[in-house]
Structure formats: structure tokens, C-alpha cells
Amino acid sequence: MLKKMQHYYILLTVFLLAACSIVTEGSTVTESIDEGNELYPGVKIKSEIKRDKDYHYAVHYPLTDSQDINDEIKAYIDTRVTKFMVDIVEDKLGKPVVGLHIDFEITYFTTDYFSVEFSETLFIDEAMTNVMPLNFNRVENRKIELQELFVGEEEINIVETNNEHEIVDFLVKEPVIRFYEKNGEIIDLPKAELVGQLQPEFLFGFEKKEKKTKENKGKKEEKMETGKEEKQKAKQKRIALTYDDGPHHLYTMQILEELEKYGAHATFFVLGNRAEFHPDIVLNTMEAGHEIGNHSWSHPKFSGLSKKQIVNQIEKTQDVVHSITGEYPTFVRTPYGSMSDSILNAINMPVVLWSVDPKDWKVSSSQAVIDNVLNHVEDGSIILLHDTYEHTVSATATIVQTLSEDGYEFVTVSELLGLDEEESKRAMVIHSGTPK
């Protein structure tokens, strides 16, 4: 008997990645391309983000080595963004309109086939999410139809044939084939039950290479204890550089090189899905003496999520970082700095915000970032930056050089706060460098 399940969509939203920024009156438009890695050869991530004083949208979608497949994907994206913008102009969505977020998950990947599920979330009073599955033949550069999954020409009866349970779409996943019913329900049918009916090429997906991992037991405790002792005896001015939204395939490593020149340490609040995509960079970051923090799985606005969704965002990221480094992050930084009692209760980990924000996501000039930091920094500052912008790399170089010459030491958040593991568990909110 097939088990029916209510539609449940994991909210996948904003990745704040940018390589260039275009500022228009009342809005900021950002576009970027994140190069792929060995997990999905030939696949890159394109991001388009617009911030306006009244609304924003962020869309993220894969770019493949096939222009025909890219055109199919872009047609879907353009249709949804255009509808969103038209609805805003015609005031069809009501108030307040917060934004539109479209993201994706690659659910099946082989040399010949590629399946992706898009999550489209509209934020008004609360988050409303829909999905769009797309399945492609990479050899013939086209979408595939349901019947192509099966052996022979006969019709496959997945459920009882009536209008209510009509199958309207499908998605190849591991280890199931997902069927979407007209009534909004889904059926996840194990491939094991379809042996002999399912084409052999859909039985097994792309075998991902094992993530590089390293055991680092005791390293974090030693570092935090050292930081605590040093803080108690040192008079040197100390600040914490923090970087959100990475790792980035280029800029994170460039920032690490700049920090190394001055023996500076920093804290990198990573997105889980980016960490999964670039495990080697996460491991290199930690091995260089930096701290890894949790910035959620996919950068949604927590104020629009349920407790279960928030917990999922945090726990998935904890697990992927642990699988790469052998350690769990100690601190969380919420996307957009979203804070409330319900959010804190859901996270149940110490939350670190910031005291200096040069808005490197909004400006395109490294000098603007540098000036903002140098004008506002003081002993104990926690500085918010993003390792997803080229101009932040050059800004980092100047900031570290200038402040090092001015007597500042660059330390991790744990070192700055001097918290041991038990103290960090008891901490709730850390803002402007002060536990609250």
C-alpha cells in the first residue's frame, strides 16, 4: 500500500552571494555566479537579489553546461519573478509584502539525467511555499516525461485513477520517485518497489565523493580556554571579524590569505548548503585557526518560519559542519539578525549578532567598507562582513593592516568573549560584544 503524505516543503531561501552590485534609486540589485564543485560537475549557481525599501526578492537557480536546459530553468524563474512584480504593482498581494524567495535542491544527478526541485516562498503575513519539480535528459538537453522513467509502453498505475488523485508532476529523488497529486498531496514511492518497472538508469544517482573530514577533538576547548586566559591578562585591544553567507568558491580563500598575513583570526558563519557544496573550504578555514559558526541552512528570515522549520535550518547546518570538521558550531547568527523570544527558544544555542555593520552587501566600494569600519571600531567590536563579495576581500586587507598597526588583535568570537563550552551554552544573546 502506498503511503500518502501531505505536501511538506523544506523552506530554502536566500543565499546572499554577490560579485557585482547595481544600485538604483530606492533599491539594490545584486547578481552573482557561484562556481560548482565535484559534487555536481558542470553545475553552477546563479543568484539574483533585489532589495527595495518596500519589498525584496531573491532567486537562486542552477546553470548547467546545456543552454537548452538553462533556457527551460530561466523561463520558469522569469515567469515567477515577473508575476511577483506585476502583483506588487497592481497591489494584488496586499500589505505588507516582504518578499519572494526561490531556491532549489538537486535531487538526482547522473551523467545522463538531472532533477531539481524549486521552492518558491512568498512572504506576506506568513511564509507560503510552493514547489516546482523539473527533470532533464542531459544527453538530449530536454525535459523528460513521466513515462520515460518506466520500462515498456504500458501505463503505470501509481494511484487509483480519478480526478482528485490525478498525478500532475513527478520528481526523481534518492531513494524514491516523488509523485505530485492534483489535490496537493504527494506520494513518495521507493525505487525498491519499482525494480523491473523503472528504467535502470533511474535506480541509482550520482555517487558523491566522500567529504574530506578531520577529527579535531579538544581543539576548540583548548582554543577557548586559551582565549579566556589571554583575555584575563591582556590589555591589548581585541576585535572579532565575522563573515556571513559563505563559503564562497573564490573569495573565502582570498580572505583567508589576507588574514594569514597578519596572523589574524576570524569567525565564519556558514550556510549549511554552501558548506555542503564546498567542504574543502570549510575544512581549510578551520585548519587555519578560524572559527566556524552556524548561519542557517539556506538563509531564510526566521520570523516567517515555524519552530520546526527553524530547528531544521539549524540542525542540518550543525550536522554538515560536524561531518566536515569533526566539530559542531558553538554559535548561531540568525539570517538578517532576526530576533524574538520564540526564535531564541527554537534555536537553543547562543546567538551572536554584531556591533559594526559596514553594509558590504549594499555598497560596491571597498573604501566605503573600510571607512565605515575604521570610523566605528572600538575595543570589543564584532564586525559584520560577508565573504561573498570581491570588494570585501580588498577591504579586509586594508582593515587588518590598519588596525593591526593601531594595536588591535583579531580574534575569534569565542576568544573575544572568553567563553568556555559551559558558559557558551548558558549564553542567550550576544550583541555588540556584550552577553545579554
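This passage describes the confidence, the nonpolar cores and one helix of a predicted model.

The protein chain of the predicted model has an average pLDDT of 80, and 76% of the residues score at least 70. Two stretches with a pLDDT below 50 may be named here. In residues 1-25 the pLDDT is below 50, yet this stretch has 105 contacts in the model beyond near neighbours in sequence. Residues 206-213 also have a pLDDT below 50, with 18 contacts in the model beyond near neighbours in sequence.

The largest nonpolar core consists of 34 residues. Within this core, the residues with the most contacts are L241, Y243, L259, F268, I383 and L403. Helix 9, which spans residues 390-405, contributes 5 residues, the largest share of the core. The surroundings of L259 illustrate the packing in this region. When residues up to four places away in sequence are not counted, L259 touches L241, Y243 and F268, each of which is also listed among the residues with the most contacts inside the core. L259 further touches A264, A266, H290, T396 and V400. Apart from this core lies another, made up of 26 residues, including L39, Y76, I77 and V116.

Helix 5 covers residues 279-287, and its buried residues are P279, I281, V282, L283, T285 and M286. These buried residues pack against three helices and two strands: helix 3 (251-261), helix 4 (272-277) and helix 6 (307-325), together with strand 14 (266-270) and strand 15 (291-294). Just after helix 5, the backbone at G289 adopts a positive phi of about 95°.

Key
Residues numbered from 1 in each chain as written. Predicted model: local features only at pLDDT ≥ 70, side-chain atom pairs only at ≥ 80, totals over all residues. Heavy atoms only, no water. Core = buried A, V, L, I, M, F, W, Y, C linked by side-chain atoms within 4.5 Å. Buried < 20%, exposed > 50% of the residue type's maximum accessible area, 1.4 Å probe, protein only. Helix = DSSP H or I, 4+ residues; strand = E, 2+ residues; numbered from the N terminus. Contact = heavy atoms within 4.5 Å. pLDDT = per-residue confidence, 0-100.
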